[in-house]
4 protein chains.
Amino acid sequence: MRKIGVLTSGGDAPGMNAAIRAVVRKAIFHGLEVAGIKRGYTGLISGDIVPMDLGSVGDIIHRGGTILQTARCDEFRSEAGQDKAVAKIKEHGIDGLVVIGGDGSFRGARILSDKGIPTIGIPGTIDNDIPCTDYTIGFDTAVNTVVEAVDKIRDTATSHERTYVIEVMGRNAGDIALLAGVACGAENVLVPEAKYDIAAIVEKLKRGAARGKKHSLILVAEGAGKGFAIGEVIRELTGWDTRVTVLGHIQRGGSPTAFDRMLASKMGAKAVDLLIEGDQAKMIGVQGGKVTATDINEALCTPRSPDMTLYELAGVLSI
Amino acid sequence: MRKIGVLTSGGDAPGMNAAIRAVVRKAIFHGLEVAGIKRGYTGLISGDIVPMDLGSVGDIIHRGGTILQTARCDEFRSEAGQDKAVAKIKEHGIDGLVVIGGDGSFRGARILSDKGIPTIGIPGTIDNDIPCTDYTIGFDTAVNTVVEAVDKIRDTATSHERTYVIEVMGRNAGDIALLAGVACGAENVLVPEAKYDIAAIVEKLKRGAARGKKHSLILVAEGAGKGFAIGEVIRELTGWDTRVTVLGHIQRGGSPTAFDRMLASKMGAKAVDLLIEGDQAKMIGVQGGKVTATDINEALCTPRSPDMTLYELAGVLSI
Amino acid sequence: MRKIGVLTSGGDAPGMNAAIRAVVRKAIFHGLEVAGIKRGYTGLISGDIVPMDLGSVGDIIHRGGTILQTARCDEFRSEAGQDKAVAKIKEHGIDGLVVIGGDGSFRGARILSDKGIPTIGIPGTIDNDIPCTDYTIGFDTAVNTVVEAVDKIRDTATSHERTYVIEVMGRNAGDIALLAGVACGAENVLVPEAKYDIAAIVEKLKRGAARGKKHSLILVAEGAGKGFAIGEVIRELTGWDTRVTVLGHIQRGGSPTAFDRMLASKMGAKAVDLLIEGDQAKMIGVQGGKVTATDINEALCTPRSPDMTLYELAGVLSI
Amino acid sequence: MRKIGVLTSGGDAPGMNAAIRAVVRKAIFHGLEVAGIKRGYTGLISGDIVPMDLGSVGDIIHRGGTILQTARCDEFRSEAGQDKAVAKIKEHGIDGLVVIGGDGSFRGARILSDKGIPTIGIPGTIDNDIPCTDYTIGFDTAVNTVVEAVDKIRDTATSHERTYVIEVMGRNAGDIALLAGVACGAENVLVPEAKYDIAAIVEKLKRGAARGKKHSLILVAEGAGKGFAIGEVIRELTGWDTRVTVLGHIQRGGSPTAFDRMLASKMGAKAVDLLIEGDQAKMIGVQGGKVTATDINEALCTPRSPDMTLYELAGVLSI
């Protein structure tokens, strides 16, 4: 192993820059060269590859987004595209690769490993929808962004005694909604992993109102339904002034939290260690507080769900 | 003047609590009693009125929303409702009233003054759509909330080289969009006070992209059009991945900025001064850095628009 | 178990309110009554005890500090004081107690359990200096507060090409300095758990400067030395303009992060579960991602230190 | 006027980057070239001068500090140094200069104008200690940074019922302390522009405590005294647990507020307009809401003080 490459792929997530920095610095610490690949697999195929030194990752640990940028790459789905990528990797003398991204990115990492390029995946996505890791890079920041937004909406909800429905990101996973829901004391949290009954939700809202609650907050994971549709139903069933906010792309940005910077730093360092040890086709995770490495095949096949005891807890604490 | 009442009305705005605090403390400083009226004109009609002392406004200066709450009141639109309000005011021994809110609230203030209750209006709304004042309470906070949100979206826009359309509040006024647009360096700002040409906007976006700009941000005031519709047009004309975010109710909340707390403190104190001096039917403003008092009739008839030199400046600085 | 009491003791920490809320709501969910004890053991001795219902913990989950307040209590160190406390507990019909605080508070919890009052401890302190738990309530918020402050100092450090020494809290523990140091990419982190050599630190600073680094940040845990003294030494050895900031009490405040609200919610609920099950003299922790209960005697005797692999990581990533 | 230069000098301030961006973009809009001078007058003398285009100020409007960096320059105090600077300016074909900084920087601007280089000053300093302008760039951000810090300290002050003394920046001016003091509802604000009587302050603190105030906050401008000394006196006179925090360098950093970005954008654009019109030796200000230009000589001779009616207001509202 003399030179490793690093790329970010899929949706961007806060903390990706901290992971890039860790990969670059750890590799240089061990005497390796580092190549930065721009725009994910797109730049890999087109050879948009630049050398990276200690200074090229200076002053980025606190920045959202990814300095290597990211893009969707249809061409890489074909074997022809994959072979082009392998050719570019060899052309640039890259002996091993670190891919930071979500499950789509990991499929690419497995393919490259199969084709003889040792590749390690680091889970970087706000959605926390990757098995074999308790947390993905960007998730903690996204949850805190949602919590801060809901805290602001709470001000206006209290002033007007209104019901607010807030739709948050997460693709098919309810993790963002669930953690933010507990953290904000939301009256109801709707996630794709659990069935919900609008009538029961309305019943609970009415009980709260009868008890004197000045506002009600309902968090909806995008995988569980459309905020506007749910708001409309609640409005009809209660006759209350019910407002809907779709939080949108602010959830992808922002300076990463300490937790995400730490997670990214540990994972980036571990990925370089694995490559140096001759390992490949692994996904880095953090499980039970320890940094782990799982076979990517296994990771891609393992079912996952958020900690559903939190779902019960959310219910108990918002009675 | 022995007892004054204070209420908040219309949409809530960050800094309303600082204004309430200033009214209460200034009045008590001058030996007056203060009555807090809950839920705006609704609580005035129903007599939901509580005594306020120094402690009842302790530890609220930094909180968003309004501890007196606010509500829309259809009954107050009728003369019967207005007479009930006057009766309640007299029943509670209230000699003068401070109304914190927007233009609808000021119409109520004028009516009460006409019916013999000296009433002073304080402009509290995030929209900055009140004539005869350079700033309304809550506007600076809302602009900063938008700026922070757009800064987050910028992270993800840069990472993906995307175009983002961001719809912000402001009712019929473009002030929030305009100031936030200049402050964020948005490529385009769409406000109801100026015509815009989507073709020219697209032309500018293409010029920027050709020059190597990694993202484009377009701020749309809700009075100027629907973000989703504008995003759709841009997507069609450019073929680019164009994303839309409607910032929504986070713009009404949050801890008020220093500017808004200061503005609210000055305005609240001034309103009490005017009542003590026997004045009425005035609206407090701040113009050219000075706290002013304008006849409410005049304020309600004066046309206003944001500082359109900013509109030109936004264009020049985002070339 | 029909009625439980809850108090906060020692230094306050963000998230204590979320823990109080969880204790109160979980207890009421199970049909128990709850008594809130003001000012820690001081209020326990004086009988400053109030009933708490669902509404008394409404709208507090996002607030820093503790609504029950906290105080140091010398009287409770004497057996006479402890007996007074037991008498008050019985007088108020309290069958079990939850104590939220640091190690001093836990010693009190053990004493009360020994005297027949089942008591459970929840670790609430920004310092993270409690054994048998990976995290204490308030630690994540404090680290993020430090990280945000250091990010601001970085702006001015870069502009002036200066060296900054930043002293942070933590009592005898280096955890805050260590995690914030990694998260900020500090060039050096000084913690009480590791010896440091100022000459080596200065050598590293000079290497960085030679390589073109525009600033250097040194984080000092208060247990490892005085920031001003260390700054003075660096100034002498380098001749550089070296500035020192002691972050101070901002580290104790602020709205708790999502992580701390979640941690506090889980721990509060668990404490009530234990009391209902007839348990006592336990300390709640979170270890390897799971909520745990450890005998308080064991917890008080177990040595602890931060994860020192982070210390090495900090060194590697800031080369 | 074919080419203008721009530099930042003195202490850095949030918003300086927005001012640089405005100067560069406005100049290019009018067909001028722009040279960026690094490290203030130091880089001017050494010729550390780089060409700036539209892209070189992209993505900086939201960043604290100054991309041009700043430094103190003793050499520029001598006529020899000044002549070197003039020679470098001519060597680089710079026809006019914009200097962003404080009063020291303006003295330099006057000297350069006297020596035939048309120079315009823009007030950039967090201290707001420049005459002939209501606000300097960075002041609003610094005040908000102080307000956010004090809001955090308030949490812990309330929890412990303690008195906190908080020392803030401002050099010889009390503006930061005064505005932040009003905005935080501080019980006392100590500024260099007004005498204070510690005995009266203590009297007020005791009155508040007797009335049930849970905390007291005292803001001290660094020009008015040392926080630690004042804390010590209060501790002696009251016997209370009195804590002191010196906020330090966080006050210089952070992403600029919308207000500062706007102010910087307007001032930067105006400076270029003046140079194009053939003007020189002027200082840009904002007075009564209008952008103004004042002769630098006049500005340097005009006495200034903060709005002392705020000082009275602070007293009235914190009774």
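What rotation superposes chain C on chain A? A turn of 180° does it, with 0.0 Å of shift along the axis and an RMSD of 0.0 Å. Keep in mind that this is a predicted model. Of the residues of chain C, C:Gly288 comes closest to that rotation axis, with its C-alpha at 1.9 Å. Both copies also use the same surface here, since 100% of the contact residues of chain C recur in chain A.

Chain C has a second partner to look at, chain D. A rotation of 180° with 0.0 Å of shift along its axis superposes chain C on chain D, again with an RMSD of 0.0 Å. The two copies are therefore related as by a two-fold rotation axis. Here, too, the same surface serves both: 100% of the contact residues of chain C turn up again in chain D.

Here are the two interfaces, one per row.

| Interface | Residues in contact | Buried area | Share on carbon and sulfur atoms |
|---|---|---|---|
| Chain C and chain A | 42 residues of chain C, 42 residues of chain A | about 3500 Å² | 65% |
| Chain C and chain D | 34 residues from chain C, 34 residues from chain D | about 2500 Å² | 48% |

**The side facing chain A**

Let's start with the contact between chain C and chain A, which buries about 3500 Å². Three residues, C:Met262, C:Leu317 and C:Ile319, supply 17% of the area that chain C buries against chain A, more than any other three residues. Now for the charges: 4 salt bridges cross between chain C and chain A. In a salt bridge between these two chains, the side chains of C:Arg154 and A:Asp59 meet at 3.1 Å, N to O. There are also 14 residue pairs in polar contact between chain C and chain A. Which helices of chain C each supply at least two residues to this side? They are H1 (16–29), H5, H6 (175–184), H9 (258–276) and H11 (309–317). Sorted by class, the side of chain C that touches chain A has 20 nonpolar, 11 polar and 11 charged residues.

**The side facing chain D**

Over at chain D, the buried area is about 2500 Å². C:Lys152, C:Ser159 and C:His249 lose the most area to chain D in chain C, together 25% of what that side buries. The salt bridges between chain C and chain D number 2. In a salt bridge between these chains, the side chains of C:Arg39 and D:Glu161 meet at 3.0 Å, N to O. Polar contacts show up as well, with 18 residue pairs across the interface of chain C and chain D. H5 and strand E9 (242–246) of chain C each supply at least two residues to the side that touches chain D. The largest share of that side, 9 residues, comes from H5 of chain C. By class, the side of chain C that touches chain D has 7 nonpolar, 18 polar and 9 charged residues.

**A residue of helix H5**

Finally, zoom in on C:Thr156, which sits in helix H5 (residues 139–160) of chain C. Is C:Thr156 buried or exposed? It is buried, because its relative accessible area is 0%, and buried means under 20%. Leaving out residues up to four places away in sequence, C:Thr156 touches C:Tyr164, D:Asp12, D:His249 and D:Arg252. You can find that helix on both sides of the story: H5 is one of the elements that each supply at least two residues to the side touching chain A, and H5 of chain C gives 9 residues to the side touching chain D.

Methods: Residues numbered from 1 in each chain as written. Chains lettered and ligands numbered in written order. Predicted model: local features only at pLDDT ≥ 70, side-chain atom pairs only at ≥ 80, totals over all residues. Heavy atoms only, no water. Helix = DSSP H or I, 4+ residues; strand = E, 2+ residues; numbered from the N terminus. Buried < 20%, exposed > 50% of the residue type's maximum accessible area, 1.4 Å probe, protein only. Contact = heavy atoms within 4.5 Å. Least-squares fit on C-alpha atoms with pLDDT ≥ 70 in both. Buried area = accessible area lost by both parts, 1.4 Å probe. Polar contact = N/O pair within 3.5 Å; in protein donor to acceptor, adjacent residues only side chain to side chain. Nonpolar A, V, L, I, M, F, W, Y, C, P; charged D, E, K, R; others polar.
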